[in-house]
Amino acid sequence: MKYINAKDILPENILKQLQTYAAGTLLYVPKDGEEKSWGEVSGYRAYLLKRNRMILNFFQYGVSLEEISNTFGLSQGTVKKIVYNKKHREDLYFRPEASSAEEYAECGLLEEWVHTYLLFERKNKEFSDGLYLVDRYFIEPVKMPLSLFHRSSGPEAQMKWRVDATVFRRRVQNWTERIADGQATPPLIIGYTDGEFEINCGNPLFEALVNMGQKLYPVIIWMTQRTDYENFRKKYGDFE
């Protein structure tokens, strides 16, 4: 940005008033109607918000300051300032539940909820890393008919991801008991490509819900292509 001497462009009376408040300082004069705050145009502020939220979530799950520092490329002093900032710690708290995902989505942090859930609750770093490879489109948790979806994981031969039958039944039973007890449950995470759905995370939960006669359930839909995003919004917008 080019430096301009105020005396070259301001009337003398305005210059004198300005000198009263800010003589010798460098000022930025926003355009009329400009309301964006620092960092919003470049996206850096949004980046810091997302980064700091993930740091807080790592800390919430007991990751050491040293490991967080190494993961995010920050000094331990900087990490301490973030995790011990009372305001940051109290404004949002991660829970592996659909309601928590909705809260994150309202703050523009849905992806951070997804990655935290995959890393610490599902222990599925591979899936989390895969989502990070390129920018994705995410649809915030919305209740959709379970009849639209089919399992992609289980003991059956045709499944994309095969799971031992005993292990799968035990997982389904665990979810069944949690639902019957009225415990909060997470949303399903489902990919959408070329008009097709794939349950990426939550197949045993999906099976338990179907077996119990559940019709609608919160899901997070993600996709890679803009065309898929537009097609989804056009076809399923009524569920949002």
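**Notes on rings, strands and a pocket**

1. With ring centres within 6.5 Å as the rule, the count comes to 18 aromatic pairs. Please keep in mind that this is a predicted model.

2. A nice example is Phe58 with Phe120: the ring centres are 5.1 Å apart and the planes stand at 85°, so the pair is edge-to-face. Phe58 belongs to helix α2 (residues 44-60) and Phe120 to helix α7, so this contact ties together parts that are 62 residues apart in sequence. Both Phe58 and Phe120 are buried.

3. Phe232 and Tyr236 make another pair, with centres 5.2 Å apart and planes at 40°; since edge-to-face needs over 60 degrees and stacked under 30, this one is tilted. Both residues sit in helix α11 (residues 226-236), four residues apart, or about one turn of the helix. Residues three or four places apart on an α-helix point the same way because there are 3.6 residues a turn. Phe232 is buried at a relative accessible area of 0%, and Tyr236, at 8%, counts as buried too.

4. You may also like to look at the cluster that ring pairs build from Phe58, Tyr61, Phe72, Phe94, Tyr104, Trp113, Tyr117 and Phe120.

5. Helix α7 deserves its own point. Its twelve residues (110-121) should span 16 Å at 1.5 Å a residue, and the end C-alpha atoms are indeed 16 Å apart. Ten of the twelve residues are buried, so α7 is largely enclosed by the rest of the structure. Among the buried ones are Trp113, Tyr117 and Phe120, along with Glu112 and His115. Just after the helix, Lys123 takes a positive phi of about 55°.

6. Now to the strands. β4 (residues 188-193) is mostly covered, with five of its six residues buried. On one partner, β6 (residues 216-223), the pairing is parallel over four bridges, and Leu188 stands opposite Val219. With β5 (residues 196-201), β4 runs antiparallel, joined by five bridges; here Thr193 faces Glu196. The β4-β5 hairpin has two residues between the strands, and in it Asp194 takes a positive phi near 50°.

7. Finally, the second largest pocket has a volume of about 440 Å³. It is lined by 14 residues, and the closest to its centre are Asn124, Trp161, Asn200, Cys201 and Asn203. The elements that give two or more residues to this lining are α8 (125-132), α9 (165-180), β5 and α10 (203-211). By class, the lining has six nonpolar, five polar and three charged residues.

Key. Residues numbered from 1 in each chain as written. Predicted model: local features only at pLDDT ≥ 70, side-chain atom pairs only at ≥ 80, totals over all residues. Heavy atoms only, no water. Expected span 1.5 Å × (residues − 1). Buried < 20%, exposed > 50% of the residue type's maximum accessible area, 1.4 Å probe, protein only. Pairing = 2+ DSSP bridges. 1 Å grid on protein atoms, 1.4 Å probe; cavity = no way out; pocket = protein on both sides within 12 Å on 5 of 7 lines; lining within 4 Å. Points joined across faces, edges and corners; volume = space filled by probe spheres on them. Nonpolar A, V, L, I, M, F, W, Y, C, P; charged D, E, K, R; others polar. Phe/Tyr/Trp six-rings, centres within 6.5 Å; stacked < 30°, edge-to-face > 60°.
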